[in-house]
Structure formats: structure tokens, C-alpha cells
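Please look through the sequence and the model below before reading on. The explanation that follows leads from the sheet to the helices and then to two individual residues.

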Amino acid sequence: MVDNRRTAEVEVEVDGAELAAEVHGDPADPAILLIHGAGHCRLNWPDGFVRRLVAGGRCVVRYDARDAGASTTFPVGAPPYSLPDLAEDAAAVIDALGLGRVHVLGMSQGAAVGQLLALGHPDRVATLALASGTPGIPGQEQPDLPPVSDRLAAFLAQGAQVAQGGQGGQGGQGVKAERDAASAREAVVESIVEGERPFAAVSRPFDEDGVRRLAARIVDHARDLAAQSANPYLLDAGTPWRARLGAITAPTLVLHGEEDPLFPPEHGRALAAEILGARFLALPGTGHEVFPEHTWDAVVPALLAHTANRDAPPCPA
């Protein structure tokens with residue numbers, strides 16, 4: 001946990017769902033809304049990273065999107081919502097918490113949601129930060145940009161799916177049932193670890209122990225891990241929007257790992273080039289990852305500078 005003395009957990013009602021959110025830090029400070037990527041939940045934003053933002057005078061809001069973490073889930077394979085709906089959900093979170101205008105940080109699919117939020121609700125976005133993203137719809141609007149790396153393509157071709165089968169019920173009684181449940185949980189944790197490994201940078205050792213600890217928390221946090229692992233990848237992305245990115249008015253910072261195997265760095269540079277005045281920050285030794293700890297000394301000061309003096313109101317009481 002980040003710091004329970006300065007953390008509030010809230011449920012946000014949106015159209016057809018309840019979203020679980022956390023508010024960290026001093027409510028008098030400007031707010032940063034964190035939007036996680038596909039297959040992830042709010043816990044994927046590292047606690048230490050959140051603590052650093054809070055120590056820098058920011059109130060941090062992280063929430064579980066639909067089919068993620070403790071939020072409402074839907075039948076596996078049939079999510080009744082689209083990618084643009086996730087942007088509407090983000091706007092609903094901002095409104096429900098009384099944030100007015102907020103600094104937005106989106107990662108991967110969350111970066112796509114951030115783009116749509118800034119386009120559709122410019123009045124809600126004080127600044128925009130996009131991490132590990134691509135301009136427009138992932139996979140559909142960038143024939144001019146490099147494809148997935150061979151290493152990651154080989155992994156994806158195996159049909160690997162993180163945390164298959166979800167948690168499910170334990171069933172049975174007594175010691176054997178408990179052992180079976182513990183074994184099944186351990187297998188799910190290991191599947192998450194192995195699912196994250198191919199996305200990491202190859203120039204640095206993979207933090208297997210740290211990812212395993214996080215994976216255990218994610219398993220315990222998830223309402224339906226099978227839905228979390230599958231449904232976000234099945235969404236209709238809606239109308240292509242890369243050509244509209246020049247209409248974004250929020251000051252924008254693009255952050256991108258130099259070893260991103262899903263969206264090679266050219267994607268981040270192209271994204272920054274599409275948005276007027278956007279700045280680009282390359283992250284050495286970083287893949288398609290949620291800000292590994294070795295990046296914090298560069299990322300946190302950059303985000304604090306980016307979100308300073310932008311006339312964003314404080315968090316709600």
C-alpha cells in the first residue's frame with residue numbers, strides 16, 4: 001500500500017459499471033489521474049512511484065477501469081463497451097471526484113484513452129502525459145512506424161495469455177482443497193510473471209521477484225482475472241483519430257522506453273510530433289513497462305515540472 005493514513009478508497013458510478021478508485025496524498029494539492037493499460041489494474045502503478053508524486057506535492061488518483069481489479073467485470077469475450085467508452089469513464093471519474101481539470105497520465109492503452117479524453121473533453125485535462133503509446137489506434141494507424149519486435153511477436157504467436165482461467169472458486173473441502181487452491185493461485189501468479197517478461201527491456205535484468213510480488217497482489221485484488229486478461233484486448237477502438245491529434249490543446253509530455261518491443265521508440269516520437277508543442281522523453285533501459293524504479297529519478301521530476309502551474313484545481317476533500 002502507498003500510505004493508508006493519506007489514502008481514500010472510493011467507488012465511482014459510471015454508465016453500467018462501478019469503478020474502484022484510490023485518492024492518495026493531500027486533497028489540497030493538484031491532482032494527477034493515472035490511467036492504466038490493457039490487462040493491468042490500478043496496482044500496476046508502483047506504490048513507490050505514487051509516493052514520490054505525493055511527496056512532490058501532487059494528489060494522485062489511480063483507478064481500476066472496467067474489467068480490471070475491483071471494478072465491474074463482464075463475461076469473458078463479450079465486453080459491452082468500446083475504447084471511447086473508457087475515455088468517457090475517465091471523464092466520469094474526474095467529475096465524480098469533483099476534480100474539475102486534472103493532470104492526466106496514461107500508459108499504453110491508457111495513453112490511447114488519454115488521447116481520446118483530451119480530444120473529447122479538453123476542459124477536463126490540464127496537462128497530458130502519455131507513456132508507451134502510439135499515435136491513434138494501436139495496430140491500425142501506423143503503417144509508417146516499426147512493427148512489434150521479433151522477440152515479442154514470437155511470444156504473442158504462441159497464443160500466450162496472462163492469467164488464463166481467472167481465480168474461480170476453490171471447491172472441495174479440507175487440506176487437499178486448500179492445497180489445490182494454493183497451487184492454482186501460484187500458477188496464475190507465475191503466468192502473470194511470464195506474461196510480463198517479454199515486454200521488459202533486455203539490457204537490464206528482469207525484476208522477477210518484484211513482478212512476482214506485484215502479481216500476487218493483483219491476483220488477490222482482481223474481481224475476475226480472466227475478464228481482466230482478455231476483455232480489454234477485444235474492444236472496438238472506434239473511429240481512427242491520429243489525424244485529429246493536432247487538435248489537442250493540453251500541454252503534452254510523451255515518455256517512451258528506448259527498448260519498447262510492442263511500440264518501438266519511433267511510435268513515441270511520432271506521437272509527440274503529432275501534438276503541437278509536445279515534448280518527448282526517452283527512457284533508457286526500459287521496455288513496455290510501467291516506469292521501472294530505475295526511471296523514477298528522471299520521470300518524477302519531469303512529471304512534477306510538467307504539471308506545475310497549470311491552473312489545475314486541488315483534489316476534492
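The following paragraphs describe this predicted model, taking the sheet as the starting point.

Eight strands make up an open sheet of mixed pairing, and their order across it is β1-β2-β4-β3-β5-β6-β7-β8. The edges are occupied by β1 (7-14) and β8, each of which has a single partner strand, so that one side of each is left without a neighbour in the sheet. On average, and with direction ignored, neighbouring strands of this sheet are turned by 20° against each other.

Within this order, strand β5 (residues 102-107) deserves a closer look. Six of its six residues are buried, so β5 is largely enclosed by the rest of the structure. Both of its faces are covered, since the lines of burial include Val 102, Val 104 and Gly 106 on one side and His 103, Leu 105 and Met 107 on the other. On one flank, β5 runs parallel to strand β3 (residues 31-35), to which four bridges join it, and Leu 33 stands opposite Val 104 there. With strand β6 (residues 125-131), β5 pairs over six bridges, again in the parallel sense; Val 102 stands opposite Val 125 in this pairing, and Gly 106 has Leu 130 as its bridge partner. The chain passes from β5 to β6 through helix α3 (residues 109-120), and the resulting β-α-β crossover is right-handed.

The helices can now be placed against these strands. Helix α3 lies across β3, β5 and β6, running at about 155° to β6, whereas α2 lies across β1, β2 (17-24), β3, β4 and β5 and runs at about 125° to β1. The axes of α2 (residues 83-96) and α3 come within 8 Å and cross at roughly 70°, and the two helices are therefore roughly perpendicular to each other. In their contact, Leu 83, Pro 84, Leu 86, Ala 87, Ala 90, Ala 91 and Ile 94 of α2 meet Gln 109, Ala 112, Val 113, Leu 116 and Leu 117 of α3. These residues divide into 11 nonpolar, one polar and no charged. An α-helix has 3.6 residues a turn, so residues three or four places apart point the same way.

Helix α8 (residues 265-274) also contributes buried residues, namely Pro 265, His 267, Gly 268, Ala 270, Leu 271 and Ala 272. The buried residues of α8 pack against α3, β6, β7 (252-257) and β8 (279-283).

Two loop residues complete the picture. Most residues other than glycine have a negative phi. Asp 67, however, has a positive phi of about 65° although it is not a glycine, and Ser 132, likewise a residue other than glycine, has a positive phi near 55°. Asp 67 is placed in the loop between β4 (59-63) and α2, where it is buried with a relative accessible area of 0%. Ser 132 belongs to the loop between β6 and α4 (150-157) and is buried as well, its relative accessible area being 3%. Which residues does Ser 132 contact, leaving aside its neighbours within four places in sequence? They are Met 107, Ser 108, Leu 255, His 256, Asp 260, Phe 263, Gly 287, His 288 and Glu 289. Among these partners of Ser 132 is Met 107, one of the buried residues of β5.

Definitions and conventions. Residues are numbered from 1 along each chain as its sequence is written. This is a predicted model: local features need pLDDT of at least 70, side-chain atom pairs count only at pLDDT 80 or more; totals for chains, interfaces and linings use all residues. Side-chain values use heavy atoms; hydrogens and water are left out. Buried means under 20% relative accessible area, exposed over 50%, partly exposed in between (1.4 Å probe, protein chains only). Two strands pair if DSSP finds at least two bridges between them. A crossover is right-handed if, with the strands pointing away from the viewer, the path from the first strand over the helix to the second runs clockwise. Contact means heavy atoms within 4.5 Å. Axes are lines fitted to C-alpha atoms, for helices over the stretch in contact, and angles run from 0 to 180 degrees between N-to-C directions. Angles under 35 degrees count as roughly parallel, over 145 as roughly antiparallel, 65 to 115 as roughly perpendicular and the rest as oblique. Ala, Val, Leu, Ile, Met, Phe, Trp, Tyr, Cys and Pro count as nonpolar, Asp, Glu, Lys and Arg as charged, and the others, Gly among them, as polar.
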